[in-house]
Structures are given as structure tokens and as C-alpha cells.
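Reader: I am new to reading protein models, and I would like to go through one slowly. Could you show me how to look at its features one at a time?

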Amino acid sequence: MKLQQLTELLKKGITRSILKKKLFEIYPDLDFDTALEFIQAQGLTLIEQNGIFYPATNFINFKDSTYCIVDIETNGSKPENSQIIEIGAVKIKNGKVIGTFSELIRAKFIPPFIQGITGITEKMVKNEKTQKEVLMKFKEFIGDAIFVAHDSYFDFNYIKAQLKKEGLGDLLNPEICTLTLSKKTIEATRYGLKYLTEELNLPKETLHRALGDAKTTSRIMLMGFDKLPDEIQKTNDLINFARGSRTIKNKILNKQKPKPKINKNKRR
């Protein structure tokens, strides 16, 4: 919780002395520089300006940021008693794919209904790397890129929980949810990956497989970027915009609402 509180404080900027105090509370065995390097190694890059520390996203144009679009398949919805069975990711910078990541993960049990949805069987994963091994590779792949997922609340928090379970630290990367971003920028009747693929005529990927879904999500993200309001300039502007509650559907519905009729013959 202390680390989460620190990341919230950093959004508005904090002085070196306060940051030093907070880091000591979290990592009492580390000196300031080592603790700073440690949180940055977990995906949170900071910039110091005039003695105040801010996330780098406050200053970088969103077009210049690196995005890691992620999708996971799991053998259960609750991280405490289940695990990841596949991770897929696409890394994008300046609108171009600069890397991909795709790994199945060893698992002793995959429920039949999940095998049916994903096509991933116990036989397929029995000789794959462990979750810890794959998560170590994934952390190296994502680096300090912006974490992006379609319903990032699930993917981001599930990965965080598994990192903690495996003793691999935290995931502090800034995050963007394309489910909310698409609702703010793209007109569609439904916003699940399957429906957006059909309505937007996107290339068809293997549904419910991690890399295929990550590729679809990356295309939706880039389409959303093309329709952002002009005031969105910095990466932090984009992050905040994607989190808001107002959607394009709200705007459409408001436009469609009939205006109340005024009875001109009504006596005053």
C-alpha cells in the first residue's frame, strides 16, 4: 500500500526530501539512489525538475512514448488460487511494432471450460517454462513502457498479484485501458474485442489467445490515438483522458435526445 500511495503522490510531484523519506519507509535497507533505481526497474521512470520528482509521462509527448500492449490467459479468475497460462504482448513506438512477446506457461491444471475457450490444453503447457521464469522475461520485455490492455484492470492487477506471489517485485508502469479509450474515441455498438474486430473490419486474429488478442488491442489503441482531442499532448494527458467516465456513446445519446417542445400558444 505504501508503494501505491507513493505513486499517487508522484503524479503531482514531490520534493527530493519527501521522496527520500518515503523510499526509506518502503525500503529501509536501501540507500536513496538504490531505492530510486529499484522502483524505476519496476516500470516507473521519474524525472527531476528543480528539485521536484515527477513521472516521466508528465513531460513526454504521447506520440513518443513506448507502449506495451498485453493480454493474458489464466486458469482461473482469482489470482490467489490460479495462475497465468499464457502471456502475449506487442511493443509499439511511434505507431510501429518494435517487438512481440509470446509465452505459454507450465500449469498442472486447466479447467475444461478454459481449455474450450482458449484451446490451451494441459498437454500443451506441461513442458513449458514456469510462471516465475516467464514473468522474469516479461518484466525485461516491458521495461518502463506504458502498460496497455483491453480491460487493463484485470490484466494489470492479475500480473501484479502473480509477480508478488513469485517474489518478483511489483508492476509500477503507467497503464491505459483500451476498453475505456475506445468508448471515448470510437463509435461502435459493443466494445468487446470480437465485436470491435467485426465492426472496424480489423484483421482477424485467434480469439482468446494472448498474442492474437494483444495484436487486436494494439490496432484499437492506434485507432483511438487518431481520434484524440487536440488538447491531449503529453502521455499523462492521455492516461487521464482514458480514465475519465465520459464516453463517445454519452455524446451520441445526448445528441439524439429530443429537445423539449415549446408551446408558443401557451398563455403567460
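Reader: Among the contacts in the protein chain with a separation of 6 or more, what share comes from residues 24 or more positions apart?

Author: Bear in mind from the start that this is a predicted model. A contact can join parts of the chain that are far from each other in sequence, and here residues 24 or more positions apart account for 64% of the contacts with a separation of 6 or more. The chain that makes these contacts has 12 helices and 8 strands, and its C-alpha atoms fill a box of roughly 80 × 55 × 35 Å along the principal axes.

Reader: How much of the protein chain is buried, and what area does it expose?

Author: For burial one looks at each residue in turn, and buried residues make up 46% of the 268 residues in this chain. For the surface one adds no such labels but takes the area itself, which is about 15,300 Å² here, with carbon and sulfur atoms supplying 52% of it.

Reader: How many positive and negative side chains are there, and how far apart do the centres of the two sets lie?

Author: The protein chain has 45 positive and 32 negative side chains, and the centres of these two sets lie 10 Å apart.

Reader: Let me try a single residue. Where does Leu168 lie, and is Leu168 buried or exposed?

Author: Leu168 lies in the loop between helix H7, residues 152-165, and strand S8, residues 175-177. Its relative accessible area is 16%, and because the cut-off for buried is under 20%, Leu168 counts as buried.

Reader: Which residues is Leu168 in contact with, leaving aside its neighbours within four places in sequence?

Author: With those neighbours set aside, Leu168 is in contact with Lys132, Leu135, Met136, Lys139 and Leu163. Take Met136 as the example to follow in the picture: Met136 and Leu168 are 32 residues apart in sequence, while their C-alpha atoms are 7.4 Å apart in space.

Reader: How should I read Lys22 in the same manner, and what is Lys22 in contact with?

Author: Begin with its place, which is in helix H2, residues 16-26, and then note that Lys22 is partly exposed, with a relative accessible area of 27%. Beyond its neighbours within four places in sequence, Lys22 is in contact with Leu6 and Leu9. Lys22 and Leu3 are 19 residues apart in sequence, and their C-alpha atoms are 8.6 Å apart.

Reader: How many aromatic pairs are there, and how are the rings of Phe32 and Phe53 arranged?

Author: An aromatic pair is read from the distance between ring centres and the angle between ring planes, and the count here comes to 9 pairs. In one of them, the rings of Phe32 and Phe53 have their centres 6.3 Å apart and their planes at 75°; this angle is over 60 degrees, so the pair is edge-to-face. Phe32 lies in helix H3, residues 32-41, and Phe53 in strand S3, residues 52-55, so the pair ties together parts that are 21 residues apart in sequence. Both Phe32 and Phe53 are buried. Elsewhere, Phe62, Tyr67 and Phe225 form one aromatic cluster.

Reader: Which residue lies over the face of Tyr195?

Author: Arg190 lies over the face of Tyr195, at 4.0 Å from the ring centre, and Lys91 lies over the face of Phe141, at 4.6 Å from the ring centre. Tyr195 itself has its place in helix H9 and counts as partly exposed at 29% relative accessibility.

Reader: Which residues have a positive phi although they are not glycines?

Author: Two cases can be found in loops. Asn94, with a positive phi of about 55°, is in the loop between strand S5, residues 84-93, and strand S6, residues 96-104. His208, with a positive phi of about 65°, is in the loop between helix H9, residues 193-199, and helix H10, residues 210-225.

Reader: To finish, which residues of helix H11 are buried, and what covers them?

Author: In helix H11, residues 235-243, the buried residues are Thr235, Asn236, Leu238, Ile239, Phe241 and Ala242. Their cover includes strands S4, S7 and S8 together with helices H8 and H10. For reading such a list, the general idea is that an α-helix has 3.6 residues a turn, so residues three or four places apart point the same way.

Conventions. Residues are numbered from 1 along each chain as its sequence is written. This is a predicted model: local features need pLDDT of at least 70, side-chain atom pairs count only at pLDDT 80 or more; totals for chains, interfaces and linings use all residues. Side-chain values use heavy atoms; hydrogens and water are left out. Helices (H or I, at least four residues) and strands (E, at least two) are DSSP runs, numbered from the N terminus. Buried means under 20% relative accessible area, exposed over 50%, partly exposed in between (1.4 Å probe, protein chains only). Contact means heavy atoms within 4.5 Å. Accessible areas come from the Shrake-Rupley method with a 1.4 Å probe; for residues, only the protein chains shown count as cover. Lys and Arg count as positive and Asp and Glu as negative; His and the chain ends are not counted. The place of a charge is taken as NZ of Lys, CZ of Arg, CG of Asp or CD of Glu. Rings of Phe, Tyr and Trp (its six-membered ring) pair if their centres lie within 6.5 Å; planes under 30 degrees apart count as stacked, over 60 as edge-to-face and the rest as tilted. A charge sits over a ring if NZ of Lys or CZ of Arg is within 6 Å of the ring centre and within 35 degrees of the ring normal.
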